[in-house]
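Trainee: I have a chain here that I would like to understand before my next bench session. Could we go through it together?

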Amino acid sequence: IRGEFLAEPYPRFEAALPNEAALTECIRRGILGLQERIGQAVGRKLRGTHAKGVCANGKFEVVDQKSIATFLFLDALFAPQGRSAAERLMGDNSDATAVETAFSQLPVGLYGNMASYPAKIRFANAASTIQSDLAPDVRAMSVGVELPEDPRFGGVRRQDFVMNNHPNFPIKNALAFAVVMKGSALGRDALSPPEQALFDEAVRLGEAQKAPGTTSFLNMNFYSGTSYLHGENHAVKYRFRKALEVPGFQAGENGLADHVKSVLSGNWPRPKYIFELQFLNEARFNAAAGAALPASHWVEDASLVWNEDLSPFIPVAVLTLESIVSDEVCEATSFSVTQNSLPEHRGLGSINRARSAAESASAAARGANPSR
């Protein structure tokens with residue numbers, strides 16, 4: 001693996017796996033092998049994952065603290081049966097300063113100033129093959145926020161987000177990911193007993209997240225699963241939460257893409273998502289776990305769900321979908337949360353550290369540019 005693909009672990013939150021470079025190479029080769037096998041079957045190179053999708057143009061609007069307070073107020077109005085995000089921020093001791101602290105931590109990097117940016121959005125099924133939307137699958141959403149030339153961004157021109165419709169990733173780390181690639185290529189019987197345990201757990205979690213496409217992309221919430229740096233001292237996970245229910249969906253072989261195209265080509269109100277951050281709250285998480293766990297425990301295991309009651313999602317931006325993108329342009333569009341990221345928002349954990357090699361290899365194999 002070339003040095004450009006090997007990110008140094010961030011000491012505050014990360015702990016490298018033994019032989020991580022070899023694991024990353026195994027993942028890269030596994031993605032390419034999967035892509036090659038499917039390409040031979042269908043007659044063209046598809047993406048290594050998320051082969052079937054639809055794209056849209058949109059805008060990503062970072063909001064001010066007054067708007068954030070309004071979102072939290074509305075959340076309190078519409079959450080009468082449970083605790084609002086503000087109440088969960090304050091905790092059992094009703095510590096109002098916790099809300100102020102959370103507000104003070106938000107303005108970092110892309111979220112440092114109220115502004116509006118163009119965005120490209122791609123919705124997709126997670127499968128590496130093109131199949132009916134009615135087949136059980138995980139659904140995905142990728143967003144590329146286009147940044148202007150600005151000294152604040154240090155020459156970075158894209159901030160990408162890659163999301164699934166579940167709050168955790170079914171594969172816990174790069175070791176499990178490499179085992180899944182090996183087992184997929186050679187069969188489960190080719191794995192050692194410890195590898196089989198990792199393989200079986202990843203398959204179990206993955207299968208549990210699959211469902212037929214009977215809900216529109218526009219009516220789902222999407223989560224980062226893995227965690228990301230937020231400035232120098234915080235780790236976060238992301239969520240795109242649907243703002244309103246979008247009517248008119250009809251399930252079918254291509255129902256998911258058809259609904260997006262219909263809504264964006266018609267006179268419907270433009271679909272919106274609230275973009276939110278969830279902070280790693282080590283003190284609360286460890287208290288609930290009953291153990292003094294290092295931050296890397298919560299960061300390196302992407303299969304863990306961070307408890308929203310202990311650390312609620314806080315809104316920082318609004319994503320509005322505006323128009324459809326042609327299928328040809330969509331097919332050439334790629335996303336990379338490692339190559340297209342501000343340093344203060346870089347991915348954390350071995351899954352993200354391994355992604356750069358896999359994303360670049362997959363895009364290059366099908367003639368796409370991962371920065372597009």
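What follows is a friendly run of questions and answers about this predicted model.

Trainee: How far can I trust the chain as a whole, and what is its mean pLDDT?

Mentor: Good place to begin, since this is a predicted model. Of its residues, 89% reach a pLDDT of 70 or more. Residues 1-5 are a stretch to treat with care, as pLDDT stays under 50 there. Where pLDDT is low, the predicted coordinates should not be read in detail. For the whole chain, the mean pLDDT is 88.

Trainee: How many helices and strands does the chain have, and what percentage of its residues count as buried?

Mentor: The chain has 11 helices and 9 strands. Contacts often link distant parts of the sequence: among those between residues at least 6 apart, 78% join residues at least 24 apart. Of the 372 residues, the share that counts as buried is 51%.

Trainee: Which cysteines form a disulfide?

Mentor: The count comes to 1 disulfide, and its sulfur atoms are 2.1 Å apart. One partner lies in strand β1 (residues 53-62) and the other in helix α10 (residues 327-331), so the bond ties together parts that are 275 residues apart in sequence. Both partners are buried. They are cysteine 55 and cysteine 330.

Trainee: Is that disulfide of cysteine 55 and cysteine 330 right-handed or left-handed?

Mentor: Look at the torsion about the S-S bond of cysteine 55 and cysteine 330, which is about 65°. Because of that torsion, the disulfide is right-handed.

Trainee: And cysteine 26: buried, partly exposed or exposed?

Mentor: Its relative accessible area is 29%. Buried would require under 20%, and exposed over 50%. Cysteine 26 is therefore partly exposed.

Trainee: Which residues touch the most other members of the largest nonpolar core?

Mentor: In soluble globular proteins, nonpolar side chains tend to be buried together. Here the largest nonpolar core has 57 residues, and strand β9 (residues 314-324) gives the largest share of them, 6 residues. Apart from that core lies another of 19 residues, including Phe169 and Ala354. In the largest core, the residues that touch the most other members are Phe60, Phe123 and Phe240.

Trainee: Which phenylalanines does phenylalanine 60 contact, leaving aside neighbours within four places in sequence?

Mentor: The contacts of phenylalanine 60 include Leu110, Tyr111, Val145 and Leu319. Among them are also Ala317 and Val318. The phenylalanines on the list are Phe240 and Phe275.

Trainee: In helix α4, which exposed residues sit on the face turned away from the buried side?

Mentor: Start with the buried residues of α4 (residues 97-105), which are Ala98, Val99, Ala102 and Phe103. They cover an arc of only 140° around the axis, so they lie on the same side of α4. The face turned away from that side carries Glu100 and Ser104.

Trainee: With which side chain does the side chain of asparagine 168 make a polar contact?

Mentor: Asparagine 168 is in the loop between β4 (158-164) and α5 (174-186), and it counts as buried because its relative accessibility is 12%. A polar atom of its side chain lies 2.9 Å from the backbone oxygen of serine 303. The side-chain partner, at 3.0 Å, is glutamine 209.

Trainee: What about asparagine 219: which side chain does a polar contact join it to?

Mentor: Asparagine 219 lies in the loop between α6 (193-209) and β5 (222-223). With a relative accessible area of 9%, asparagine 219 is buried. Beyond four places in sequence, asparagine 219 is in contact with residues including Lys242 and Leu244. The polar contact, of 3.4 Å, joins its side chain to that of glutamate 245.

Trainee: What is the phi of asparagine 19?

Mentor: Most residues other than glycine have a negative phi. Asparagine 19 sits in the segment before α1 (20-42) and is exposed, with a relative accessible area of 62%. Although asparagine 19 is not a glycine, its phi is positive, at about 55°.

Trainee: Last one: how far apart in space are glutamate 344 and tyrosine 228, C-alpha to C-alpha?

Mentor: Glutamate 344 is in the loop between α10 and α11 (350-365), and it is partly exposed, with a relative accessible area of 22%. Among the residues it touches are Leu229, His230 and Gly231. Glutamate 344 and tyrosine 228 are 116 residues apart in sequence, while their distance in space is 8.7 Å.

Definitions and conventions:
Residues are numbered from 1 along each chain as its sequence is written. This is a predicted model: local features need pLDDT of at least 70, side-chain atom pairs count only at pLDDT 80 or more; totals for chains, interfaces and linings use all residues. Side-chain values use heavy atoms; hydrogens and water are left out. pLDDT is the predictor's confidence in each residue, from 0 to 100. Contact means heavy atoms within 4.5 Å. Helices (H or I, at least four residues) and strands (E, at least two) are DSSP runs, numbered from the N terminus. Buried means under 20% relative accessible area, exposed over 50%, partly exposed in between (1.4 Å probe, protein chains only). A polar contact is a pair of N or O atoms within 3.5 Å; within protein, one must be able to donate a hydrogen and the other to accept it, and residues adjacent in sequence count only if both atoms are side-chain atoms. The arc is that of the directions from the helix axis to the C-beta atoms. A disulfide is a pair of cysteine sulfur atoms within 2.5 Å. A nonpolar core is a set of buried Ala, Val, Leu, Ile, Met, Phe, Trp, Tyr and Cys residues joined through side-chain atoms within 4.5 Å.
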